[in-house]
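Here are my notes on the model, in the order I'd click through it. Have the viewer open while you read.

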Amino acid sequence: MILPSGKCGIAWTDATLNPGLYGCAKVSAACKNCYAEAMAARLAGMGQAAYVGATRDGRWTGRVTVAPVADAVARVRAVPRSRSGHRYVFVTSMSDVLHEDVPTEWTAAIVRAMGERPDVTWQLLTKRAYRYPELADAIGAWPRNVWAGATVENASAADAQLPGLLAVPAAVRWLSVEPMMGPVPLPLDGLAWVVCGGERGDGARAMPWAAAYDLRARCAEVGAAFYMKQAAGFAPRKDLSDVPADLRVREMPVPA
């Protein structure tokens, strides 16, 4: 399997794609220092019409808008092909593709379009995994090259997210434990990949290293790939120089 380049600034992917989804709302403690919120406010200030109204005084307003389905599908189909023959694309880094105000059929249409591009591994990530079963029903046959992921920060978030995530018939189901704010001691059976990372940016909260060690050990127990993205801190880093040596692991899943 070709590993992601991380050239877009996220180590575990090659590129990000917004198929036409603007705005979001905070739903958990992990959202406190949302980088997308700050970026959306900046883009609105620069005059990008799609983000006007998504924030007010630098905070999400809760307003969410989507592009017409045909436009969203066209953006998916237009993703450039890689010279290596394969690439990873993280979908909707600036919002949540399963936000409750996003129509299920809108998301289903773009996921079907992703299935038409087997040269791309599409990485979905949500804090609203309870909507996955509804999405899966709308799609029908879940595309093998679309990985279904959920973001959690601690045990209570994982407890809320895992049932919906595990209901998806995806070849790869994964967790992004970023920012890690506490232990995630729940069973990891059924997951192929776990990404772990500390919070970045102004006001970043401390990384609980004991919880990270425990998470890596339990990934090994169930055969899930473990990927340490970063430690907590202010300046973004792509290397692992500030991570304990025995946690400098970056594994990627290989679908069965």
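1. **Helix 2 and its cover.** Keep in mind that this is a predicted model. I'd start at helix 2, where strand 1, helix 3 and strand 7 are among the elements that cover its buried residues. Those buried residues include Ala72, Val73 and Val76, in a helix that runs over residues 69-77. They span an arc of only 95 degrees around the axis, so they sit on the same side of helix 2.

2. **The loop after helix 2.** Gly85 lies in the loop that links helix 2 to strand 6. Is Gly85 buried or partly exposed? Its relative accessibility is 46%, so Gly85 counts as partly exposed. Worth a click: the C-alpha atom of Gly85 is 6.5 Å from that of Asp119, although the two residues are 34 apart along the chain.

3. **The sheet.** Seen as a whole, the sheet is open and has 7 strands in the order 1-6-7-8-9-10-11, paired in parallel. Which strands sit at the edges? Strand 1 (15-17) and strand 11 (225-230) do, each pairing on one side only. From one strand to the next, the twist averages 25 degrees. Helix 3 (residues 104-115) packs on this sheet and touches strand 6 (87-91), strand 7 (120-126) and strand 8. The direction of helix 3 makes about 155 degrees with that of strand 7.

4. **Two pairings to check.** As a reminder, strands of a sheet pair through backbone hydrogen bonds. Strand 8 (residues 146-151) and strand 9 (residues 173-177) are joined in the parallel sense by 4 bridges. If you want a register marker there, Ala148 has Arg173 of strand 9 as its bridge partner. Further along, strand 10 (residues 193-197) runs parallel to strand 11, with 5 bridges between them. Here the marker is Trp193, whose bridge partner in strand 11 is Ala225.

5. **An edge strand that is covered.** Strand 11 pairs on one side only. How many of its residues are buried? The count is 6 of the 6, so strand 11 is largely enclosed by the rest of the structure.

6. **Nonpolar cores.** The largest nonpolar core has 60 residues, and Trp122, Tyr132, Trp142 and Leu175 touch the most other members. Helix 3 supplies the largest share of this core, with 7 residues. Tyr132 is a good one to display with its neighbors: leaving aside residues up to four places away in sequence, it touches Leu98, Leu124, Leu125, Thr126, Trp142, Ala148, Gly149, Gly164, Leu165 and Val168. Ala148, then, turns up both in this contact list and as a bridge partner of Arg173. There is also a second, separate core of 14 residues, with Trp12, Tyr88, Phe90 and Met252 among its members.

7. **Cysteines.** How many disulfides does the structure hold? The count is 0. For Cys8, the nearest cysteine sulfur belongs to Cys34 and is 16 Å away. Cys8 is partly exposed, at a relative accessible area of 35%. Why is Cys219 not bonded to Cys196? Cys196 has the closest cysteine sulfur, but the separation is 8.7 Å, too far for a bond; the cut-off used is 2.5 Å. Cys219 has 1% relative accessibility, so it counts as buried.

Note on methods. Residues are numbered from 1 along each chain as its sequence is written. This is a predicted model: local features need pLDDT of at least 70, side-chain atom pairs count only at pLDDT 80 or more; totals for chains, interfaces and linings use all residues. Side-chain values use heavy atoms; hydrogens and water are left out. Buried means under 20% relative accessible area, exposed over 50%, partly exposed in between (1.4 Å probe, protein chains only). Two strands pair if DSSP finds at least two bridges between them. Helices (H or I, at least four residues) and strands (E, at least two) are DSSP runs, numbered from the N terminus. Axes are lines fitted to C-alpha atoms, for helices over the stretch in contact, and angles run from 0 to 180 degrees between N-to-C directions. Contact means heavy atoms within 4.5 Å. A nonpolar core is a set of buried Ala, Val, Leu, Ile, Met, Phe, Trp, Tyr and Cys residues joined through side-chain atoms within 4.5 Å. The arc is that of the directions from the helix axis to the C-beta atoms.
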